[in-house]
Amino acid sequence: MAYSLFTNSIDEPLAARMRPESLEDFAGQEHLIAEGKILRRIIDSDKIPSMIFWGPPGVGKTSLAGIIAKKTRASFINFSAVTSGIKEIREIMKQSEANRNFGERTILFIDEIHRFNKAQQDAFLPFVEKGSIILIGATTENPSFEINSALLSRCKVFVLKPLSINDIVKLLKRALNFLGGTISITDDVLHSVANFSNGDARTAISLIEMMHSNSEIIDGRITITSEIFEQCTSRKSLLYDKNGEEHYNLISALHKSMRNSDPDAAVYWLARMLEAGEDPLYIARRVVRFASEDVGLSDPNALSMAVAAYHACHFIGMPECSVNLAQAVIHLSITPKSNSVYMAYNAARDDALKHSNEPVPLHIRNAPTSLMRELNYGKGYQYAHDYDDKITAMQCLPDSLIGREYYVPTEQGSESRYKNRLEQIKSWKAEHTKNPPP
C-alpha cells in the first residue's frame, strides 16, 4: 500500500497543504526534535522503533509520521483506526511478512490507535514482537489506559505538547504566504487566532483560511480584521498577551476576588482568561496555591478540591474543564478564609534563613551507626506513641529558637478546631515541662 497522507492539491484544506516535509519546517515540540534530542536522532538516523505519539489534537502527531515516511527507507503504510477492522489488519500483516522475507522493513502508522478495541490491538502484537512491523501509533488519549499493556511495553511513548502562542503565530505567517496575494492583518488579530486555537495548529490554520476567504479587498489588499475574526468564531477578539501585563492583571483579579469572597467576580475573571486562550493548567496551579495560601486549615478540603480541578484540566482540557475550574473557584471564594498557614511558613522561612547554621538537637537526630550512638545522637529521644497522651514535652526547635510560634490559627471555619487542639497541646506541654514524667 503506497503512502498517501500528503498529496499536494490545491483542493486540499490549507492545513493539509502546509504539512511540513522536514523537521526544519516542523513547528513546536522542541523538547523532542531540537538538535541532539532523542526523537530527532531517531528520525535522522532512520532507526525507527515502535512508538506512540501522545498529545492533544493539532500538535503534529500525523505531521511527524509524514516526515518519517519521507525520510525512511522502509515501506510506510498509513492505517486509520476509524475506518479499518480486523480484515484490513490481517491483509497488512500478510503484506508486512512478505516484505520482511525480502529484507524490507515495514513501518505501520495508525492514526487514533486508541479507537482500536483490545482484540484489534492484540492482532498487532505478534508482528511487533517478531519485527514484521514497526508500529507508530498516534493518540489523543492516555496510552496507559487506552493501549494494551503488552503492546505499550514494546513501544516508546513520546508526549507532544500544545503549541505555544509564538509557535502558532509563526505557522500563521507561513499560512499567509501559502494563501498568496497581498494580505493585511495586524499582530493583534494573529494573536487572537493563536489564542483561540488553544495550541492546535490545525484549528488555527483552518480559521485563518476561513477568515481569508471572507475578507474584503481594500486598496488592492485582502484585509483580515478583528471584525472578521469575531464573525468567524462567534466570539469577541479579546486583547490578551499571555506573557504581558494583562496576563498578570487578570490572574491578580481572580486571586483577589476569591480572597474577598466574591464568587461572581472570581468566575468572571476566570472566564475572561479561559475565553482569551489562557492555559487552564496555569490557572489551576494558581488555584491550588490559593487553597493553602488564603484558605488553609479553615477548610481542609479546599486543597483537595483545587488539586482535583488541576487533574481534571490535565485529563480533559478545554473547553470541558472550564466547569471544573469554575467549581473550584466558586468554592474557594465562598469558603472561610485564613492565611495562617501562609504566614506560618513565611515566618519560619525568615528564621531558617537567619539561623541556617543552627544544629539539630542531638536527641532528635537519627543514629544509624555505633559511632553516632557514641556521640549521643538520638540519646534522650521520647517516642510519642509510648506515652498515654501520645505527646511529650521534648524540645524540637534549636536552642536559639525556643518559644518561637509560627502557626497562629484563626477562628475561621474548621480552623477553630485546630486552634482549640493547639491550645490544649501547648497547655499540656507547659504543665509537663514544669513537671516532667518520671
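Modeller: Buried means under 20% relative accessible area. This is a predicted model.

Biologist: How many residues of strand E4 are buried?
Modeller: Strand E4 covers residues 134–139. Ile134, Ile136 and Ala138 point one way, and all are buried. Leu135, Gly137 and Thr139 point the other way and are buried too. E4 is largely enclosed by the rest of the structure, because the buried count is six of the six.

Biologist: Why do the side chains of a strand alternate between two faces?
Modeller: That is how a regular strand is built: its side chains alternate between the two faces of the sheet. In E4, Leu135, Gly137 and Thr139 take one direction. The other direction belongs to Ile134, Ile136 and Ala138.

Biologist: In what order do the five strands form the open sheet?
Modeller: Take the joins around E4. E3 and E4 are joined by five bridges and run parallel. E1 and E4 also pair in the parallel sense, over four bridges. Four bridges then join E1 to E5, and the full order is E2-E3-E4-E1-E5.

Biologist: Which are the edge strands?
Modeller: In the order E2-E3-E4-E1-E5, look at the two ends. An edge strand here pairs on one side only. That picks out residues 75–80 and 156–159, strands E2 and E5.

Biologist: What does the twist average from one strand to the next?
Modeller: The sheet is open, and its pairing is parallel. From each strand to the next, the twist averages 15°.

Biologist: Which residue in E4 is the bridge partner of Met51?
Modeller: Strand E1 covers residues 51–54. E1 pairs with E4 over four bridges. Within E4, the partner of Met51 is Ile136.

Biologist: Which residue stands opposite Ile52 in E5?
Modeller: E1 runs parallel to E5, with four bridges between them. In E5, the residue opposite Ile52 is Val157.

Biologist: Which residue in E4 stands opposite Leu108?
Modeller: Strand E3 covers 106–111. Five bridges join E3 to E4. Opposite Leu108 in E4 stands Leu135.

Biologist: At what angle to E2 does helix H5 run?
Modeller: Helix H5 spans residues 86–101. H5 lies across E2 and strand E3. Relative to E2, H5 runs at about 175°.

Biologist: Which side chain joins that of Thr139 in a polar contact of 2.8 Å?
Modeller: Thr139 is found in strand E4. Thr139 is buried, because its relative accessible area is 1%. Away from its sequence neighbours, Thr139 touches residues including Ile52, Trp54, Lys61 and Ile113. The side chain in the 2.8 Å polar contact is that of His114.

Biologist: Is Ile42 buried or exposed?
Modeller: Ile42 lies in helix H3, residues 38–45. Setting aside neighbours within four places in sequence, Ile42 is in contact with Lys47, Ile48, Pro49 and Phe158. Its relative accessibility is 13%, so Ile42 counts as buried.

Biologist: How far apart in space are Ile42 and Ile68, C-alpha to C-alpha?
Modeller: In sequence, the two are 26 residues apart. In space, C-alpha to C-alpha, the separation is 9.7 Å.

Biologist: How are H14 and H17 oriented to each other?
Modeller: Helix H14 is residues 263–275, and its axis comes within 9 Å of that of H17. Contact residues include Ala266 and Leu270 of H14, and Leu325 and Val329 of H17. The crossing is right-handed. The axes cross at roughly 150°, and angles over 145 count as roughly antiparallel.

Biologist: What is H10 to H11?
Modeller: Helix H10 (residues 187–197) and helix H11 (residues 201–213) have axes that come within 8 Å and cross at roughly 135°. That angle makes H10 oblique to H11. The contact is made by residues including Leu190 and Phe196 of H10, and Leu207 and Met211 of H11. As for handedness, the crossing of H10 and H11 is right-handed.

Biologist: With which side chain does that of Ser338 make a polar contact?
Modeller: Ser338 sits in the loop between helix H17 (322–334) and helix H18 (340–354). Ser338 is buried, because its relative accessible area is 4%. Beyond four places in sequence, Ser338 touches residues including Glu293, Asp294, Ser298 and Thr410. The polar contact, at 2.4 Å, is with the side chain of Glu415.

Technical notes
Residues are numbered from 1 along each chain as its sequence is written. This is a predicted model: local features need pLDDT of at least 70, side-chain atom pairs count only at pLDDT 80 or more; totals for chains, interfaces and linings use all residues. Side-chain values use heavy atoms; hydrogens and water are left out. Two strands pair if DSSP finds at least two bridges between them. Axes are lines fitted to C-alpha atoms, for helices over the stretch in contact, and angles run from 0 to 180 degrees between N-to-C directions. Contact means heavy atoms within 4.5 Å. Buried means under 20% relative accessible area, exposed over 50%, partly exposed in between (1.4 Å probe, protein chains only). A polar contact is a pair of N or O atoms within 3.5 Å; within protein, one must be able to donate a hydrogen and the other to accept it, and residues adjacent in sequence count only if both atoms are side-chain atoms. A crossing is left-handed if the near helix is turned anticlockwise from the far one by less than a right angle, and right-handed if clockwise. Angles under 35 degrees count as roughly parallel, over 145 as roughly antiparallel, 65 to 115 as roughly perpendicular and the rest as oblique.
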